[in-house]
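Subject: Structure handover

Hi,

Here is the structure I promised to pass on to you. Have a look at it first, and then read on for what turned up in it.

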Amino acid sequence: MKTVLVINGHEPYAFAAGQFNDGLFDVAVETLSKEFKVLTTVMKDGYQVEEEHEKFKQADVVIFQFPIYWFSTPGLMKKYFDEVYAYGVFFGMGGENPEVESKYGFDNGLMNGKPYMLSATMNAPMDAFNTADGFFDGKSMDESLLYHIHKTHQFCGMKALPSFGAHNVIKGPQFEADAQKWRLHLENEVVRLFTTA
């Protein structure tokens, strides 16, 4: 049986209790438990760095569920990356991967092509992306809000699976509809990846 690590990067504030994000985290755990051994980390409950290293080593795929705060990750999630993504475990100084050109950012990773997925909740509406006159200047969610997170994982040698976004979660939340879309996304992009391989 394959192993999936599902990480909840929510950081609670008075204005962001996290029910929507936590609900999608629960949907992921429930959906994937049918086909995978599921490991979890809930950042706000605390974590041990060495235990996280072991979870990443065990995991065949890693899924991050988190909210967007001010066009980025919550501070707690950034701290998690700073503490957990250690030299010698996630990355080296280059030359670690002889199959790629020795060039900064391309041969530093030690995660050996491990797939990961980003799932973000945000208040930005869908039409803020991919339209020339939208707030993100025609860029997609991956090209704007998630770009730096993708680069972090690329540097570590990981490979992106298609991202998922839940939009308008404060102004016009539609949890049941988004939860169903999230289930289908997981089934199509994660379950199918390993059951057809």
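Let me start with helix α2, residues 49-58, in what is a predicted model. Its buried residues are Glu52, His53, Lys55 and Phe56. They sit on the same side of α2, because the arc they cover around the axis is only 160 degrees. This fits the helix geometry: with 3.6 residues a turn, residues three or four places apart point the same way. On the face turned away from that buried side you will find the exposed residues Glu50 and Lys57. As for what lies over the buried residues of α2, the cover includes the strands β1 (3-8), β2 (37-42) and β3 (61-67), together with helix α3 (75-84).

Phe56 deserves a second look. Leaving aside residues up to four places away in sequence, phenylalanine 56 touches Leu5, Ile7, Val62, Phe64, Tyr80, Tyr85, Phe90, Met111, Lys114 and Met158. The largest nonpolar core has 36 residues, and within it Phe56 and Phe64 touch the most other members. At least two residues of this core come from each of β1, β3, α3, β4 (115-121) and α4 (147-155). The most generous contributor is α3, which gives five residues. Another core lies apart from this one; it has 22 residues, including Leu24, Met117, Ala166 and Ala179.

Now to the rings, which may appeal to you. The structure holds 22 aromatic pairs. In one of them, tyrosine 47 and tyrosine 80 meet edge-to-face, with 4.9 Å centre to centre and 75 degrees between the planes. This pair links distant parts of the chain: tyrosine 47 belongs to the loop between β2 and α2, tyrosine 80 belongs to helix α3, and 33 residues separate them. Are these two tyrosines buried or exposed? Tyrosine 47 counts as buried because its relative accessibility is 18%, where the cut-off is under 20%. Tyrosine 80 is buried too, at 0% relative accessibility.

A second pair to look at is phenylalanine 81 with tyrosine 85. Their rings are tilted, at 4.9 Å centre to centre and 45 degrees between the planes. Both partners are buried: phenylalanine 81 has a relative accessible area of 8%, and tyrosine 85 has a relative accessibility of 7%. The four residues of these two pairs also appear in one aromatic cluster, made up of Tyr47, Phe56, Phe64, Tyr80, Phe81, Tyr85 and Phe90.

Finally, the chain as a whole. The protein chain has five helices and six strands, and along the sequence they follow the pattern β-α-β-α-β-α-β-α-β-β-α. Its radius of gyration is 17 Å, close to the 16 Å that the globule rule gives for 197 residues, so the chain is as compact as a globular protein of that length. The C-alpha trace spans about 50 × 40 × 35 Å along its principal axes. Of the 197 residues, 49% count as buried. Among contacts between residues at least 6 apart in sequence, 72% join residues at least 24 apart. The accessible surface comes to about 10,300 Å², and carbon and sulfur atoms account for 53% of it.

Happy to talk it through whenever suits you.

Best wishes

Technical notes: Residues are numbered from 1 along each chain as its sequence is written. This is a predicted model: local features need pLDDT of at least 70, side-chain atom pairs count only at pLDDT 80 or more; totals for chains, interfaces and linings use all residues. Side-chain values use heavy atoms; hydrogens and water are left out. Buried means under 20% relative accessible area, exposed over 50%, partly exposed in between (1.4 Å probe, protein chains only). Helices (H or I, at least four residues) and strands (E, at least two) are DSSP runs, numbered from the N terminus. The arc is that of the directions from the helix axis to the C-beta atoms. Contact means heavy atoms within 4.5 Å. Rings of Phe, Tyr and Trp (its six-membered ring) pair if their centres lie within 6.5 Å; planes under 30 degrees apart count as stacked, over 60 as edge-to-face and the rest as tilted. The radius of gyration is taken over C-alpha atoms; the globule rule is 2.2 Å times the number of residues to the power 0.38. Accessible areas come from the Shrake-Rupley method with a 1.4 Å probe; for residues, only the protein chains shown count as cover. A nonpolar core is a set of buried Ala, Val, Leu, Ile, Met, Phe, Trp, Tyr and Cys residues joined through side-chain atoms within 4.5 Å.
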